[in-house]
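Trainee: I have a fresh model open and would like to talk it through. Can we start with the aromatic rings?

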Amino acid sequence: MSHPLVLALMQKVVSRHTSIRNRLILGVGAMLLPLVVLAGGSFFFFEQAVASFEKTESKMLEELFPLVRLDDLLVKTKHLVEQETLPEGSQAQARFASLSQEIEQTFKILLDSPSQLPEKRSLILKIQQEWQFTKAKEHEFLIFSRATNNTIKQQQKLLIKDHLNQASYEIR
C-alpha cells in the first residue's frame with residue numbers, strides 16, 4: 001500500500017541494528033508526514049480563501065456605503081419636510097439646502113464609481129429622478145407655504161414625502 005520509494009528509503013534507514021524504539025519513531029513519523037503536509041496546505045488555502053472573501057466584501061461595502069449614506073440623507077430630508085413650515089431664510093430652509101447639496105454629491109460619487117452590479121446605475125438614476133422631482137416640489141412648497149391655504153400646503157408636503165419615500169424604497 002505504501003509507495004515503493006518510501007519503502008526503499010525506509011529499508012535503507014532502518015537496518016537490522018536499529019532499535020525498535022527508533023523504528024517505531026521512524027514509522028510514526030512516516031505516517032504523520034502526509035498529515036502535516038495536508039494540514040499545512042489546508043491552512044495555506046484557507047488563508048487564501050479568507051483573503052479573497054475579505055477583498056470581495058471590501059468592494060461590496062465600498063459600493064454600499066454611499067447608498068446607505070444616500071438613504072440616510074433622504075430620511076433626514078423627509079423629517080425636515082415633515083416640519084410644519086419651511087419659511088424662506090429659516091434654519092430649516094438652510095438645512096434643506098445643505099442636505100440637498102450632500103445628496104447631489106452622493107449621487108455624483110455613486111454615478112462615477114464603477115460597479116459590479118449592472119442594474120445599479122439604472123437604480124441610481126431612478127432614485128435621482130425622484131430626488132429631482134422632490135427638489136422641484138420643494139420650491140413650489142416654499143411658494144405655497146407663504147399662502148394661507150393649508151390644503152394646498154398639505155398636498156405639496158404629502159407629494160414631497162411620497163417621492164422621498166419612493167426614493168428610499170428604491171434603495172432598500
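Mentor: Sure, rule before result: rings of Phe, Tyr and Trp (its six-membered ring) pair if their centres lie within 6.5 Å, and planes under 30 degrees apart count as stacked, over 60 as edge-to-face and the rest as tilted. Keep in mind that this is a predicted model, where local features need pLDDT of at least 70, side-chain atom pairs count only at pLDDT 80 or more, and totals for chains, interfaces and linings use all residues. Residues are numbered from 1 along each chain as its sequence is written, and side-chain values use heavy atoms, with hydrogens and water left out.

Trainee: How many aromatic pairs does that rule give, and of what kind?

Mentor: The count is one aromatic pair. Its rings belong to Phe44 and Phe45, with centres 5.2 Å apart. Their planes stand at 75°, so the pair is edge-to-face.

Trainee: Is Phe45 buried or exposed?

Mentor: Buried means under 20% relative accessible area, exposed over 50%, and partly exposed in between (1.4 Å probe, protein chains only). Phe44, at 44%, counts as partly exposed. Phe45 has a relative accessible area of 59%, so Phe45 is exposed.

Trainee: Zooming out, what pattern does the chain follow along the sequence?

Mentor: Helices (H or I, at least four residues) and strands (E, at least two) are DSSP runs, numbered from the N terminus. The chain has five helices and zero strands. Read in order, that gives α-α-α-α-α.

Trainee: Which elements give two or more residues to the largest nonpolar core?

Mentor: A nonpolar core is a set of buried Ala, Val, Leu, Ile, Met, Phe, Trp, Tyr and Cys residues joined through side-chain atoms within 4.5 Å. The largest one has 19 residues, and Leu70, Leu74, Ile103, Phe107, Ile127 and Trp131 touch the most other members. The contributing elements are helix H2 (20-81), helix H3 (91-112), helix H4 (120-145) and helix H5 (150-171).

Trainee: What does Ile103 touch, leaving out residues up to four places away in sequence?

Mentor: Contact means heavy atoms within 4.5 Å. On that basis, the partners of Ile103 are Leu70, Leu73, Leu74, Thr77 and Trp131.

Trainee: And Thr106, is it buried or exposed?

Mentor: Thr106 lies in helix H3. Leaving out residues up to four places away in sequence, Thr106 touches Pro66, Arg69, Leu70 and Leu73. With 4% relative accessibility, Thr106 is buried.

Trainee: Last one: what share of the chain is buried?

Mentor: The chain has 172 residues, and the buried share comes to 26%.
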